[in-house]
Amino acid sequence: IIESDPVWAPVHPEQAAAAVEAGKHVYLAKPVAVDVPGCQSIAESGTKASGKKLVVLVDFQTRNNPFYREAAKRVHEGGIGRLVCGEARYPCGVMPITAPKTPEDRLRYWYCNKAISGDYIVEQSIHALDVATWFIDAAPIKVVGTGGSKGLRPYGDIWDHFNLIYWFPNETILSFYSCQMVHGAPHEIACRIYGSQGTVDSNYYSHVCITGPKPWEGGKFNDMFNSGTQNNINDFYRFVTEGQYANETVAASVRSNLTAILGRTAAYQGRTVTWDEMM
């Protein structure tokens with residue numbers, strides 16, 4: 001089991017590779033890595049694991065929620081028509097962070113360090129971007145955007161807001177924003193994709209549904225973290241005991257991780273960055 005806390009994403013690729021090399025099944029938290037080489041290493045470990053009849057499962061709770069799965073299936077089957085544009089967002093309020101007093105504290109507060117966490121767009125906002133790339137079923141071609149820090153954090157060098165525009169195949173445009181350390185900000189992980197024949201609307205904390213000519217009432221929930229994690233653990237056990245080694249969660253998780261890195265790169269550099277350039 002490779003978790004985000006207290007073991008951070010920069011070492012996930014090394015740990016996963018070592019586990020697969022040792023013949024172990026791997027249950028891996030997001031984000032899988034903080035940079036492109038790390039993502040490539042995870043992809044290689046997933047492929048190698050399949051060849052060695054080992055399971056690698058990446059734990060995104062939404063991807064194992066039955067309502068989210070049905071929504072994605074309907075979108076991919078044309079349930080909302082041709083995809084036009086969409087929005088993804090992850091605002092949240094003030095995080096309980098204090099300045100470290102010792103070198104060990106820096107590791108405990110790893111989240112606030114770009115080098116260790118990959119910035120919060122990679123570590124946290126990836127949840128919203130994972131749903132977006134899942135519904136759109138593609139990686140972005142390019143992105144432009146901005147963001148920064150308003151000095152709201154008592155410690156750390158990560159940013160406190162990102163605002164991005166992604167271009168996907170077939171001229172599908174996705175707007176994304178996230179913010180942290182803002183008093184009174186609503187905490188939501190939302191994604192809405194607009195199609196020529198309907199809209200899929202989702203929020204990690206409340207619901208998934210489709211509106212339009214082919215409406216689907218979807219479902220409501222308030223325990224995504226616990227139920228989604230339990231579903232993933234159940235799948236992990238089932239894959240191991242039944243010998244299912246396709247490891248399908250790896251490629252999708254690498255895609256959304258790279259999508260977050262692409263957005264971070266464009267925001268840091270203040271210019272349009274393409275997927276190919278990033279890779």
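Biologist: Which residues in helix 1 meet which residues in helix 2?

Modeller: His-12, Pro-13, Ala-16, Ala-17, Val-20 and Glu-21 in helix 1 meet Gly-38, Ser-41, Ile-42, Ser-45, Lys-48 and Ala-49 in helix 2, contact meaning heavy atoms within 4.5 Å. The residues of this contact divide into six nonpolar, four polar and two charged, where Ala, Val, Leu, Ile, Met, Phe, Trp, Tyr, Cys and Pro count as nonpolar, Asp, Glu, Lys and Arg as charged, and the others, Gly among them, as polar. This is a predicted model, in which local features need pLDDT of at least 70, side-chain atom pairs count only at pLDDT 80 or more, and totals for chains, interfaces and linings use all residues. Residues are numbered from 1 along each chain as its sequence is written, while side-chain values use heavy atoms and leave out hydrogens and water.

Biologist: Why are helix 1 and helix 2 called roughly parallel to each other?

Modeller: Helix 1 (residues 12-21) and helix 2 (residues 36-51) pack at an angle of about 15°, with their axes 9 Å apart; axes are lines fitted to C-alpha atoms, for helices over the stretch in contact, and angles run from 0 to 180 degrees between N-to-C directions. Angles under 35 degrees count as roughly parallel, over 145 as roughly antiparallel, 65 to 115 as roughly perpendicular and the rest as oblique, and helix 1 and helix 2 are therefore roughly parallel.

Biologist: What makes helix 3 oblique to helix 7?

Modeller: Helix 3 (residues 66-76) and helix 7 pack at an angle of about 40°, with their axes 8 Å apart, and that angle makes helix 3 oblique to helix 7. Tyr-68, Arg-69, Ala-71, Ala-72, Val-75 and His-76 of helix 3 make this contact with Val-131, Trp-134 and Phe-135 of helix 7, and its residues divide into seven nonpolar, one polar and one charged.

Biologist: What makes strand 10 and strand 11 stand at the edges of the sheet?

Modeller: The open sheet is formed by nine strands in the order 10-9-8-7-3-6-5-4-11, with mixed pairing. Strand 10 (216-220) and strand 11 (273-274) each have a single partner strand, so one side of each is left without a neighbour in the sheet; two strands pair if DSSP finds at least two bridges between them.

Biologist: How do you know that strand 7 and strand 8 pair, and in which sense?

Modeller: Strand 7 (residues 190-195) and strand 8 (residues 198-203) share six bridges, in the antiparallel sense, and one of the partnerships sets Ile-193 against Val-200 in strand 8. Helix 7 (residues 126-136) packs on the sheet, touching strand 3 (83-91), strand 5 (161-168), strand 6 (172-179), strand 7 and strand 8, and its direction makes about 165° with that of strand 3. Helix 9 (residues 248-269) also packs on the sheet, where it touches strand 4 (142-148), strand 5 and strand 11, at about 115° to the direction of strand 5.

Biologist: How do you know that the pairing is mixed?

Modeller: Strand 3 pairs with strand 7 in the antiparallel sense over six bridges, whereas strand 3 and strand 6 pair in the parallel sense over seven bridges. Ala-88 has Cys-191 as its bridge partner in strand 7 and stands opposite Phe-176 in strand 6. Strand 5 and strand 6 pair in the antiparallel sense over eight bridges, and their hairpin has three residues between the strands, with Asn-170 at a positive phi near 65°.

Biologist: What makes Asp-119 and the bond between Lys-30 and Pro-31 worth a look?

Modeller: Most residues other than glycine have a negative phi, and most peptide bonds are trans. Asp-119 has a positive phi of about 75° although it is not a glycine, and a cis peptide bond, with omega about -10°, joins Lys-30 and Pro-31.

Biologist: How do you know whether the radius of gyration of the protein chain agrees with that of a compact globule?

Modeller: With 279 residues, a compact globule would have a radius of gyration near 19 Å, and the protein chain has 18 Å, which agrees; the radius is taken over C-alpha atoms, and the globule rule is 2.2 Å times the number of residues to the power 0.38. The chain holds 10 helices and 11 strands, these being DSSP runs numbered from the N terminus (helices H or I, at least four residues; strands E, at least two).
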